[in-house]
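Please open the model in your viewer and keep the selection panel at hand. This tour proceeds from one selection to the next and describes what is found at each stop.

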Amino acid sequence: MRKTLLFAASLLLLASCSLSKKATTTAPSQGTAANTTGAVVKQDSFATANSLINQTLEAQPSFTTMNMSKFDAAIQFGTMHYTMRGSMRINRDSLISISLQPMLGIEVIRIEFRDEYFTIYDKMNHRYCETPYDVIHIATGIPVDFKIIQAIVSANFFSIPHRDGKSFIQTESTDSTYTIVGMDELNRMYQYFEIYQKYPLLAHAGMKQGSDKSTPTSLSVTSNAPFMVSYANYSTIVKKNKNLLFPYHINIDIDHRLFHFAVTVNAEKITVNEPITTTAVNTEKYTRVPF
């Protein structure tokens, strides 16, 4: 059970591993993502980090429900490697449910995120734990909560803690992206984003612990961050009134002092703004255990 919970907790810590492969319409790969209108964002409109964030917030995927009915995940946990199938359902602002199926489509692990806590179900051994998000903060130093996890799995901009755009500065750009960096003074945690130059969609997001000698301008995606997530293969999802772009490929990497975890996830099918149902787990048949 301990090994199952540790593995599931790593999935959780990775902001809940879930996302993407090929959709019906595949946009150009990383650095050349397209939006549904075809409009190109001019470089001079990114004069400040605040304006860049505002344009990203306007262009990022928006939905009330999402059903990622199938995804494949290649997972590395320490020296161990796994290949899994899974699914993810999101009811915005209330529930994120991730199902993992290592064998023959049989659900063996479910992770559910709610506003105040998350729950991990070990369905093979009929055990579960229900835990507040403070546990992640204590273990990692990162003040994670439901809103941040929801933003990450939705390819939305997120800030730790929740700050406005004025908390970030724009730093040196790469060949294909603009870079913005912010700092949480309380936790000495630097946070950065790379956003496509042509279209205001997230390409990379990362965090690293700061020090008295480090400055935001010295940070980049290549600066050995202990947490990094990359979004690629933005593809069109048809929804009522307006289509949206969503990354059908995500790579997440956590290099924690106690373990290393990396996952590459590719989705096969995603639908949005359609009714979804999640079957509740009958915990009367389960034993509750500490996280």
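**A tour of charged pairs and one helix**

Select Arg110 and Glu112 to begin: both residues are buried. The model is a predicted one, and in it the side chains of these two residues meet in a salt bridge, with 3.2 Å from N to O. Side chains of opposite charge can pair when their charged atoms come close.

Keep Glu112 selected and add Arg114. These two also form a salt bridge, their closest N and O atoms being 3.3 Å apart. Glu112 has a relative accessibility of 4% and therefore counts as buried, whereas Arg114, at 30%, is partly exposed. Now add Glu107 and Lys123 to the selection: together with Arg110, Glu112 and Arg114, they are linked in a network of salt bridges.

Next, select Arg85 and Glu268. Here the closest N and O atoms are 2.8 Å apart, and the pair forms a salt bridge. Arg85 belongs to strand β3 (residues 80–91) and Glu268 to strand β14 (residues 260–272), so the salt bridge ties together parts that are 183 residues apart in sequence. The structure holds six salt bridges.

Move to helix α2, residues 49–59. Which of its residues are buried? They are Ala49, Leu52, Ile53 and Thr56. Viewed down the axis of α2, these buried residues fall within an arc of 100°, so they line one face of the helix.

Finally, colour the chain by pLDDT. The mean is 78, and 74% of the residues reach 70 or more. Over residues 1–42, pLDDT stays under 50, as is the case over residues 218–222.

Note on methods
Residues are numbered from 1 along each chain as its sequence is written. This is a predicted model: local features need pLDDT of at least 70, side-chain atom pairs count only at pLDDT 80 or more; totals for chains, interfaces and linings use all residues. Side-chain values use heavy atoms; hydrogens and water are left out. pLDDT is the predictor's confidence in each residue, from 0 to 100. Contact means heavy atoms within 4.5 Å. Buried means under 20% relative accessible area, exposed over 50%, partly exposed in between (1.4 Å probe, protein chains only). Helices (H or I, at least four residues) and strands (E, at least two) are DSSP runs, numbered from the N terminus. The arc is that of the directions from the helix axis to the C-beta atoms. A salt bridge is a side-chain nitrogen of Lys or Arg within 4 Å of a carboxyl oxygen of Asp or Glu.
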